[in-house]
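Reader: I have a chain to go through with you. Could we look at the loops before anything else?

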Amino acid sequence: MMMLTAPAPAASEEGFIGRLIAWMTEMFALAGGLVMIAIMLVQSGSVIGRSLPELLGFIGLKLPRLAIPGDIEIVQLGCGIAIFCFLPLCHYRRANVLVEFFTQHLPVRYRSMFDLAANLLFLLIASTITWQLGHGAQEKISYWDTTMVLRLPEAYPYVGALAAAVLWTLVVAYSCVRSCQEIARDHVIGPAPSGDH
């Protein structure tokens, strides 16, 4: 006789705010991905522009070096923005590095208690970083600092990173509320923890 087992309960649907946060985190991550592609194209173009004349010199072609000026600045500024764009989605999907060896077999309620403690710590860290970025952006705007080679205003990347950091802080605050709801309901809300596959 074959025994049928009930499937594991799926994570419950989130409300409007949860779906809005999910959409916003995905849009910021998409923007971060586009920034990374742009960085890759700039860096690749610069490397090819510097290397191609030497490679083609063997066959007698003489080309000028065509390195992109300020490519290092573009990479540095772009990476700073992109990293912050990925943080909200990472936290929303519970993709941060966690040590789940001791908690993976606990009921949802008890795991959510550990998650709440971690989320509260993350909230302190994220809000501090966001506050410092805001302070840094304000200074960059008031002094109108620019990069060395391209003279790009440094305030723009700070403002971009600040917008992503504000969203990250909101996501962490939402995750605290979500953990409290999971403790009360003994039920996973939104994306399942990484150990639940």
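Reader: Is R151 buried or exposed?
Author: R151 is exposed, with a relative accessible area of 52%; exposed means over 50%, buried under 20%, and partly exposed in between, with a 1.4 Å probe and protein chains only as cover. This is a predicted model, in which local features need pLDDT of at least 70 and side-chain atom pairs count only at pLDDT 80 or more, while totals for chains, interfaces and linings use all residues. Residues are numbered from 1 along each chain as its sequence is written, and side-chain values use heavy atoms, with hydrogens and water left out.

Reader: Where is R151 found?
Author: R151 lies in the loop between α3 and α4; helices (H or I, at least four residues) and strands (E, at least two) are DSSP runs, numbered from the N terminus. The phi of R151 is positive, near 60°, in a residue other than glycine.

Reader: What about W144?
Author: W144 belongs to the loop between α3 and α4 and comes just after α3. Its phi is positive, about 50°, although W144 is not a glycine. Most residues other than glycine have a negative phi. W144 is partly exposed, with a relative accessible area of 46%.

Reader: Turning to the helix before that loop, how many residues has α3?
Author: Helix α3 covers residues 108–143 and has 36 residues. From first C-alpha to last it reaches 50 Å, close to the 52 Å expected at 1.5 Å a residue, where the expected span is 1.5 Å times one less than the number of residues.

Reader: Which residues of α3 are buried?
Author: The buried residues of α3 include V108, R111, S112, D115, L116 and N119, and further along A126, T130, L133, G136, A137 and K140. Their cover includes α2 and α4, the latter spanning 155–185.

Reader: Anything on α2 itself?
Author: H91 is in helix α2, residues 71–92, and counts as buried at 4% relative accessibility. Leaving aside residues up to four places away in sequence, H91 touches N96, N119, F122, W168, V171, V172, S175 and R178; a contact means heavy atoms within 4.5 Å.

Reader: And α1, what is there on its surface?
Author: F16, I17, L20, W23, M27, L30, L34, I37, M40 and L41 make a nonpolar surface patch of about 1,100 Å². Patch members have over 30% relative accessible area and no salt bridge; like charges are joined within 9 Å and nonpolar side chains (Val, Leu, Ile, Met, Phe, Trp, Tyr) within 5 Å. A salt bridge is a side-chain nitrogen of Lys or Arg within 4 Å of a carboxyl oxygen of Asp or Glu. One of the patch residues, I17, is in helix α1, residues 16–57, and is exposed at 55%.

Reader: How far apart are G33 and F86 in space?
Author: G33 and F86 are 8.4 Å apart, C-alpha to C-alpha, and 53 residues apart in sequence. G33 is found in helix α1 and is partly exposed, at 23% relative accessibility.

Reader: What does UniProt list as "transmembrane region"?
Author: The unreviewed UniProt entry lists residues 20–42, 74–92, 113–135 and 155–177; its positions follow the numbering used here, feature names are shortened, and annotations may be inferred rather than shown by experiment. In the model, residues 20–42 are 100% helix, with end C-alpha atoms 33 Å apart.

Reader: Finally, how many helices and strands has the chain?
Author: The chain has four helices and zero strands. Of its 197 residues, 33% count as buried.

Note on methods: Accessible areas come from the Shrake-Rupley method with a 1.4 Å probe; for residues, only the protein chains shown count as cover.
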